[in-house]
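Colleague: I would like a close look at one part of this model, namely its exposed nonpolar surface and the helices that carry this surface. Please treat the matter in one connected account.

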Amino acid sequence: MDVLSGATGWRAPSTKARSFGAHVYVLSLALAVVAAAAAALTFLVPGILLGPAVSNGNARGTALVILLLAIPVLLLAIWLERRGSWRAVFVWLGALFYLVYNAFLFLFLTPFNSLFLLYIAFQALALFSTAA
């Protein structure tokens with residue numbers, strides 16, 4: 001019997017999309033929500049940042065980039081991965097690393113403010129999403 005003829009029961013590889021455990025998607029989607037909230041509040045609420053003007057401008061610019069670039073890239077990568085793109089896994093991981101880095105900056109490099117607990121949630125979700 002020839003393997004290529006199909007007479008031995010050989011089947012073509014499945015084209016079904018890879019799927020990670022549900023916790024990976026839940027953590028990443030929760031991260032997107034918390035990161036959006038933290039970035040939106042940091043960018044939009046005047047007086048929330050208590051540091052020097054140059055640091056406040058830097059933090060607000062970073063928040064805007066998170067809102068307009070990082071979160072959409074993260075969500076698009078998740079969607080494309082669910083559709084079977086193996087490249088999207090690398091984009092997803094890159095977006096997670098970017099958010100881990102910026103969550104660290106918001107948590108430790110901005111003076112203590114009323115968003116501190118939100119920044120902690122942002123950092124925790126970013127780290128756990130990347131580790132998952």
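Which residues make the nonpolar surface patch of about 380 Å²?

Modeller: The model is predicted, so local features need pLDDT of at least 70 and side-chain atom pairs pLDDT 80 or more, while totals for chains, interfaces and linings use all residues. Numbering runs from 1 along each chain as its sequence is written, and side-chain values use heavy atoms, without hydrogens and water.

Val-65, Leu-69, Val-73, Val-91 and Tyr-98 make the patch (residues with over 30% relative accessible area and no salt bridge, nonpolar side chains being joined within 5 Å). Accessible areas are Shrake-Rupley values with a 1.4 Å probe, only the protein chains shown counting as cover; a salt bridge is a Lys or Arg side-chain nitrogen within 4 Å of an Asp or Glu carboxyl oxygen. Helices H2 (53-82) and H3 (87-109) each supply at least two patch residues, helices being DSSP runs (H or I) of at least four residues, numbered from the N terminus. H2 gives the largest share, 3 residues, and Leu-69 lies in this helix.

Helix H3 also takes part in an aromatic contact. The whole structure holds 6 aromatic pairs (ring centres within 6.5 Å; stacked under 30 degrees, edge-to-face over 60, otherwise tilted). Phe-106 and Tyr-119 form a stacked pair, 5.3 Å centre to centre with 15° between the planes. Because Phe-106 lies in H3 and Tyr-119 in H4 (residues 116-131), this pair ties together parts 13 residues apart in sequence.

Technical notes. Patch = residues over 30% accessible without salt bridge, like charges linked within 9 Å, V, L, I, M, F, W, Y side chains within 5 Å.
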